[in-house]
Structures are given as C-alpha cells and as structure tokens.
Amino acid sequence: MKYDFSQWRLIMKVIVTGGAGFIGSNFIFYMMKKHPDYEIICLDKLTYAGNLSTLKSVLDKPNFKFVKLDICDRDGVYKLFEEEKPDVVVNFAAESHVDRSIENPTIFLETNIIGTSVLMDACRKYGIKRFHQVSTDEVYGDLPLDRPDLFFHEDTPLHTSSPYSSSKASADLLVGAYGRTYNLPVTISRCSNNYGPYQFPEKLIPLMIQRALNNEKLPVYGDGENVRDWLYVEDHCKAIDLILEKGKAGEIYNIGGHNEMHNIDIVKLICDYLDKPYSLIEHVTDRKGHDRRYAIDPDKIHKELGWLPETMFKDGIKKTIQWYLDNKEWWENIISGDYQNYYKEMYGDRKVLDKD
Ligand code: NAD
Ligand code: DAU
C-alpha cells in the first residue's frame, strides 16, 4: 500500500485473477470507475474463456497492468507478488463451465483447487491485507422444485453435484483452512448465476441470444424446468467491493437477488425480445447430474454490509440483449474459431426430446 502525499489518500494495489473473463472484466471496469486511485493488476492465463480485447478500454490506463500468467505457475506467481506487493487479491480465475467439467474434470481440479492454493501460498509468503475467493452457490448442491420455502444459507452443508462445483467447494475448504491455520485474512463470496456483458457464449443466456440472432436451434436441457437465481453482473461486482471494504476476515457471504426463473422461461423471453419464434426451441438430452434449483438467501450481506441488488431482471436482460446486439464483433470472433468444434462435441450427441 502507498500513500499519495499530495492528497493523503490510501492507494490500494489489487490483483484481479481471471480478469479477462466475464465477471472479472466487469469487476475491473467497476473498480476502476469507483476507485480511480487504486492500482489494478489483472493476472490471467487467457484460456479459451479469457479475451484480452474485452479489456481494451483499460489496457493503456496508467493504474492498470495486464499480466499473462497461470495461477498454477508457482514461480511466476511468486515473482509477480515479489515485484508488485499487492494489498488485495480477488480470485476469479477458474474453469467455470459445468458441461466442460463433465467432459474433462482434470483441468478444473488443477486451476480451481491447486491454483487457489498457489495464490494463497504467495499471500502467506509476501503478506496480504485480504485474499477474496469468488465462489458459487453451486457448492450447496441443489434444492427441490416443490420446496420454494428452502434457500441456501451460509451454513448450508456443501453438497456438490458436478466436478466443477466439487472443485469450487474444495477450494472453499482450502480457503477456510488457510484462514484458520495460517491466519490468512480471507473472505469467500458465493453468488448465484450472473448475466450481463462479456459472458462467453457457452453459458445459457449468451448462447441463446447469439443462436437466436442466427436463427439456429435453441437447445434446452431436459424439460427446461430447472431454476436458476439470476443476478446482473454489476450487482455481484458491487457486493465484492463491499466485502473488501467492510467484510470481516474469516466470513462467507452469499450473494443473490431473489430472482428465480425456469430456464425455459428465460429462453422464451429472449425469443420474445428478439422477435424469434418458439419453434427454434429444442428440448435435448439433459445435463448429467443436472441441479434442479438454486436459490440464495442474501440476508447476511444485506443486514451486515447493506448490500442490495439494484438492477431488476426485466431491465438487466434488456441491457444484456442490447449489448450482444451492439457488440456482435466480440462474440462473432469467438464463435468463428474453436467454438464450432466445442459446439459439435458438446451438443452433437444430444438427442432431441419429444416435448410432450
Ligand atoms: P469465465 O470462464 O468467464 O472466466 C474465467 C477467467 O479465468 C478467464 O479469463 C480465464 O482465462 C481465466 N483463467 C482460467 N484458468 C486460469 C488459470 N489457470 N490461471 C489464470 N487465469 C485463468 O468465468 P466467470 O463466469 O467470469 O466466473 C468467474 C468466477 O466467478 C469463477 O471463479 C466462477 O466460479 C465464479 N462464479 C461465476 C458465476 C457465473 O454465473 N458466471 C456465478 C458465481 C460464481
Ligand atoms: O450458479 C452459479 C453458476 O452459474 C456458476 O458457478 C457457473 O460458473 C456458471 O456457469 C453457472 O452455472 P450453470 O450451470 O447454472 O449455468 P449455465 O449457463 O451453464 O446453465 C444454466 C441453466 O441452463 C442450467 O440449468 C443448464 C441450462 N442450459 C445450459 C446450456 C448451456 C440449457 O438448458 N441449455 C444450454 O445449452
């Protein structure tokens, strides 16, 4: 941490891992606007999900630096910490797509578990004011559709379904262990499904938007009745900033907007906004181990830190669809490459189901 003596301000240096991905990039934009005096370093391996062009508006800012690095690369991470001496690390870097984890779990274990431990070892070695782990509501498993009274609380037992969620839960346990054993000042947030600009078009909402725009079939898994609790990405970013400022080390905070929706209703809504027929919708073989319902209780972060979501779904989804309409180049670049093979491998063998 440095002082700006001309104005007596604290200058925080924040490493944001995974900042070339969906939520990490939105977090960088949010932080650079909200805290123009902070120094932000984005550490990202630039996997298929990371996109440097996403960060083009900040790349030449004097208080921003991009470092291409794998969080599993211990020597590289230590060198960066030695040079930069960050005050805060926010760890977004992860393999994040459930379907990919079902096909190939190994990389999920490496990045999500080993990578998190390497970052925390660097924090122990060089000192840190806060290590924040960006986790997910998926660590709690799922809830039945017929019990709308049930929600995930911070003390709900971990009960994971996919290799992805298991790797995130493992990382959460390690973060807790580093807090207790080494007194590392850690916090964890567990957020529900995010949507908004710059989401990779493998996830439900951007996949359906780009396919609908191209008049392609819209693959809904199983009966489409699965429920997710959707939050506009900027509200997630605000919550993490609050946790960094006011959250207590050792604590876990659930983040969610009480906005539960069935997948099929989201897909129909996208069709309505884009004026596309429902006949594009195709029910296909379900995801293996598919979680039925997620629902976050955000009471703790609301009561203790004063966080509330600000973007209503009806406004957020309009803004998001408009963003994909205005930024075709961003996603057309993505879907013109390896993505085509990904789509064939992931969807080619799925049977089309009879809707009735
Ligand atoms: P994303 O897949 O869009 O981005 C992940 C980023 O991490 C990419 O830029 C990628 O290049 C980078 N990365 C991957 N492996 C890396 C490695 N070994 N070293 C350095 N960088 C690496 O993911 P996202 O949707 O933005 O999710 C970010 C975080 O938030 C993840 O930890 C995820 O588990 C969590 N999360 C996501 C959601 C959601 O709805 N998307 C909800 C709750 C929590
Ligand atoms: O809940 C937080 C999690 O949300 C994050 O931890 C994950 O990183 C993020 O990917 C997301 O996981 P989901 O599996 O819920 O998101 P996804 O967009 O992959 O799927 C949302 C729902 O839509 C899910 O029930 C599966 C369904 N689906 C998804 C795709 C890609 C379809 O029906 N068809 C599809 O083609």
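Start by selecting tyrosine 198, which sits in the loop between strand β9 (193-195) and helix α6; helices (H or I, at least four residues) and strands (E, at least two) are DSSP runs numbered from the N terminus. Although tyrosine 198 is not a glycine, its phi is positive, at about 70°. Its relative accessibility is 18%, so tyrosine 198 counts as buried, where buried means under 20% relative accessible area, exposed over 50% and partly exposed in between, computed with a 1.4 Å probe on protein chains only.

Before going further, note that this is a predicted model, in which local features need pLDDT of at least 70 and side-chain atom pairs count only at pLDDT 80 or more, whereas totals for chains, interfaces and linings use all residues. Residues are numbered from 1 along each chain as its sequence is written, chains are lettered from A and ligands numbered from 1 in the order in which they are written, and side-chain values use heavy atoms, with hydrogens and water left out.

**Helix α6 and its partner α12**

Next, select residues 204-213, which form helix α6. This helix is mostly covered, with nine of its ten residues buried: Ile205, Pro206, Leu207, Met208, Ile209, Gln210, Arg211, Ala212 and Leu213. Just after α6, asparagine 215 is worth a click, since this residue takes a positive phi of about 55°.

Now add helix α12 (residues 339-347), which packs with α6 at an angle of about 105°, the two axes lying 15 Å apart. Axes here are lines fitted to C-alpha atoms, for helices over the stretch in contact, and angles run from 0 to 180 degrees between N-to-C directions. The angle makes α6 roughly perpendicular to α12, a class that covers 65 to 115 degrees, while angles under 35 count as roughly parallel, those over 145 as roughly antiparallel and the rest as oblique. To see the contact itself, show the side chains of Leu207, Gln210 and Arg211 in α6 together with Tyr339, Tyr343 and Tyr347 in α12, contact meaning heavy atoms within 4.5 Å. The residues of this contact divide into four nonpolar, one polar and one charged; Ala, Val, Leu, Ile, Met, Phe, Trp, Tyr, Cys and Pro count as nonpolar, Asp, Glu, Lys and Arg as charged, and the others, Gly among them, as polar.

**Helices α10 and α11**

Move on to helix α10 (residues 313-326) and helix α11 (residues 328-335), which pack at an angle of about 70° with their axes 5 Å apart. The two helices are therefore roughly perpendicular to each other. On the α10 side select Trp323, Tyr324, Leu325 and Asp326, which meet Lys328, Trp330 and Trp331 in α11. Five of the residues in the contact of α10 with α11 are nonpolar, none is polar and two are charged.

Within α10, select glycine 316, which is buried with a relative accessible area of 0%. Leaving aside residues up to four places away in sequence, glycine 316 touches Tyr195, Tyr232 and Thr311. Its C-alpha atom is 8.5 Å from that of leucine 231, although the two residues are 85 apart along the chain.

**Two loop residues**

In the loop between β4 (39-44) and β5 (64-68), select leucine 46. Leucine 46 has a phi near 55°, a positive value in a residue other than glycine, and its relative accessibility of 24% counts as partly exposed. Then go to proline 157, in the loop between β7 (130-136) and α5 (163-182), where a relative accessibility of 61% counts as exposed. The C-alpha atoms of proline 157 and valine 139, 18 residues apart along the chain, are separated by 8.6 Å.

**The cysteines**

A search of the whole structure finds zero disulfides, a disulfide being a pair of cysteine sulfur atoms within 2.5 Å. Cysteine 42 is buried at 0% relative accessibility, and the closest cysteine sulfur, in cysteine 237, is 13 Å from its own, too far for a bond. Cysteine 123 is likewise buried, at 1%, and its sulfur is 15 Å from the closest cysteine sulfur, in cysteine 72, again too far for a bond.

**Annotated spans**

Finally, colour residues 15-320, which UniProt lists as "domain: NAD(P)-binding" in an unreviewed entry; UniProt positions are given in the numbering used here, feature names are shortened, and annotations may be inferred rather than shown by experiment. Over these residues the chain is 40% helix and 18% strand, with the end C-alpha atoms 27 Å apart.
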